[in-house]
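Please look at the model below and work through the questions that follow it. Each answer sets a value beside the definition of the term and then draws the conclusion.

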Number of protein chains: 2
Amino acid sequence: MNLRSRNNSIGFVPTMGALHKGHVHLIERARSNNTVILSIFVNPKQFAPGEDYNRYPRYIEKDKVIATDSGVDILFLPSTDEIYPEGYKTFVNVEGITDLLCGRFRPGHFKGVATVVLKLFNIVMPHRAYFGEKDYQQMLVIKSMVRDLNLDIEIFGIPIVRDDDGLAMSSRNVYLGREERVSATSLNRALKVSREMVKSGEMNAQKIISEMERIIKKGDGIEIDYISLCNPETLEDIKIVDTRVLVAMAVRIGGKRLIDNCIVEVK
Amino acid sequence: MNLRSRNNSIGFVPTMGALHKGHVHLIERARSNNTVILSIFVNPKQFAPGEDYNRYPRYIEKDKVIATDSGVDILFLPSTDEIYPEGYKTFVNVEGITDLLCGRFRPGHFKGVATVVLKLFNIVMPHRAYFGEKDYQQMLVIKSMVRDLNLDIEIFGIPIVRDDDGLAMSSRNVYLGREERVSATSLNRALKVSREMVKSGEMNAQKIISEMERIIKKGDGIEIDYISLCNPETLEDIKIVDTRVLVAMAVRIGGKRLIDNCIVEVK
């Protein structure tokens with residue numbers, strides 16, 4: 001409250017740690033016109049049963065250095081007991097859009113995300129908050145929640161940061177072995193092809209998806225959870241690409257789950 | 001925000017209108033140390049399918065007079081479209097305690113209550129909010145939500161106000177015909193008997209419930225939804241009354257649903 005009332009603008013970057021260049025990009029955007037608060041909290045409620053909560057990468061000392069070097073003003077590192085004390089029982093759900101895409105494969109995931117982000121917003125009381133567009137569906141869930149629940153917070157979606165080989169930055173990339181990493185670069189190649197096909201006038205979504213599948217399956221040991229061409233607001237599949245479209249996908253490589261996406265504009 | 005920052009304390013009384021002496025009591029409590037904002041919004045999301053949303057009593061002009069006369073500073077009368085614009089999809093649920101008592105008979109009711117109250121809190125930004133203890137379960141749901149979601153709001157539960165015949169004040173009492181009204185007074189009589197039985201040393205919850213049922217069933221055309229002796233925090237039924245207990249009930253008289261409750265202390 002004090003920070004907020006002192007004519008200060010608070011920019012908030014909520015993370016699960018294992019900070020990488022994508023996070024640094026969020027921090028830099030936040031720094032340009034705010035006091036920056038960064039939170040690190042590996043949220044147990046957003047891991048579906050059987051997912052990698054215990055194995056999720058935790059590098060807190062390295063994270064502190066990255067945060068400080070990137071210009072974070074305040075680091076917020078709550079414990080699990082602080083966020084979910086005994087008897088905790090309140091959950092927020094954004095209905096509809098959380099049942100699609102990743103929601104079909106990660107039951108309860110977005111309910112956990114919405115709940116923890118609302119709690120962090122209520123604790124931090126930021127004016128602006130910054131989310132990476134790699135997690136496009138998450139960003140859309142947060143934007144919907146903020147609008148629906150009348151929160152006085154501006155949500156910024158920040159473009160995906162890619163490594164030199166085109167792989168979208170993700171904390172989970174550290175899991176990948178060398179060959180898996182090579183396979184993973186097919187995601188970005190498939191996105192590029194989808195963009196080119198649309199640009200060349202292809203309007204049949206299924207044809208584009210089939211071509212993307214062909215490219216991705218070239219990689220060793222890749223299993224596709226989904227590839228979707230969908231409405232960027234409702235996330236509902238589209239069949240004919242005659243307007244702005246979200247191309248989104250999730251794959252598993254040796255059991256590690258990776259996601260990527262891009263927005264394609266139709267001229 | 002301006003009101004909140006001007007060293008002003010904001011007391012909030014959210015209602016569905018059809019104001020009665022119970023509401024006036026809430027307003028008077030709020031007035032004692034706040035600028036008072038009262039909202040009137042008949043919330044469609046908290047009526048279960050088949051309930052009385054369309055028939056719910058609406059006396060807005062009379063309500064304005066009562067609110068002004070009682071010392072309300074600001075009246076907030078949002079429209080349904082303002083609260084639930086097209087595409088609305090975010091809901092808050094307090095799990096566990098909303099499945100018990102009235103939750104068993106009104107599917108979705110408390111999810112609708114928690115959602116609209118959170119939205120009203122985010123719009124009004126009060127320091128304190130006032131709820132009647134007649135809706136004990138509702139008050140408990142709101143207190144749990146406020147604690148779980150880190151809201152900086154103090155929740156006050158205000159004791160039930162009863163009419164001369166002992167009937168707890170409720171907007172729905174206007175539905176009752178003269179004979180139904182007489183039948184309805186059995187609720188308060190049954191609560192009194194439960195208190196006396198506990199005071200006399202009766203510890204068997206089922207015996208107390210049976211006696212209450214006998215009293216209530218004397219009234220014409222009363223159907224009992226539930227009578228429960230339960231833990232005032234978890235709302236779970238108790239069998240042996242050896243500590244503080246919530247005695248809560250819901251009945252239907254000619255299709256109109258009435259609730260009442262009291263806390264009984266064990267000496």
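Q: Why is the pair Glu95(A) and Lys111(B) called a salt bridge?
A: A salt bridge is a side-chain nitrogen of Lys or Arg within 4 Å of a carboxyl oxygen of Asp or Glu. The closest N and O atoms of Glu95(A) and Lys111(B) are 2.7 Å apart, and the pair therefore meets the definition. The pair crosses between chains, from Glu95(A) in the loop between β4 and α5 of chain A to Lys111(B) in helix α6 (residues 109-124) of chain B. Helices (H or I, at least four residues) and strands (E, at least two) are DSSP runs, numbered from the N terminus.

Q: What kind of model is this, and how are its residues and chains labelled?
A: This is a predicted model, in which local features need pLDDT of at least 70 and side-chain atom pairs count only at pLDDT 80 or more, while totals for chains, interfaces and linings use all residues. Residues are numbered from 1 along each chain as its sequence is written, chains are lettered from A and ligands numbered from 1 in the order in which they are written, and side-chain values use heavy atoms, with hydrogens and water left out.

Q: How many salt bridges are counted between chain A and chain B?
A: The count between the two chains is two salt bridges, while a search of the whole structure finds 32 over all chains. Between the chains, Lys111(A) also forms a salt bridge with Glu95(B), with the closest N and O atoms 2.8 Å apart.

Q: What makes chain A and chain B touch, and how much area do they bury?
A: Contact means heavy atoms within 4.5 Å, and the contact takes 24 residues from chain A and 24 residues from chain B. Buried area is the accessible area (1.4 Å probe) that two parts lose on being put together, summed over both; for these chains it is about 2200 Å², 51% of it on carbon and sulfur atoms. In chain A, Lys89(A), Thr90(A) and Asp148(A) lose the most area to chain B, together 27% of what that side buries.

Q: Why are β4(A) and β4 of chain B said to pair?
A: Two strands pair if DSSP finds at least two bridges between them. Five bridges join β4(A) to strand β4 (residues 90-94) of chain B, so the requirement is met, and the two strands run antiparallel. Within this pairing, the bridge partner of Asn93(A) in β4(B) is Phe91(B).

Q: How do you know that β5(A) pairs with strands of its own chain?
A: Strand β1 (residues 10-15) and strand β5 (residues 128-132) of chain A pair in the parallel sense over two bridges, and the bridge partner of Phe12(A) in β5(A) is Ala129(A). Five bridges join β5(A) to strand β6 (residues 154-158) of chain A, also in the parallel sense, and here Tyr130(A) has Phe156(A) as its bridge partner.

Q: Where do the domains of chain A lie along the chain, and how far apart are their centres?
A: Domain bounds come from an automatic or database domain assignment, which for chain A gives domain 1 (4-158) and domain 2 (171-264). The C-alpha centres of these two domains lie 25 Å apart, and the contact takes 23 residues from domain 1 and 19 residues from domain 2.

Q: What area is buried between the two domains of chain A, and which salt bridge is seen at Asp52(A)?
A: The area buried between domain 1 and domain 2 is about 1800 Å², of which carbon and sulfur atoms give 59%. Leu101(A), Phe105(A) and Tyr136(A) supply 34% of the area that domain 1 buries against domain 2, more than any other three residues. The count between the two domains is one salt bridge, and the side chains of Asp52(A) and Arg172(A) meet in a salt bridge at 3.0 Å, N to O.
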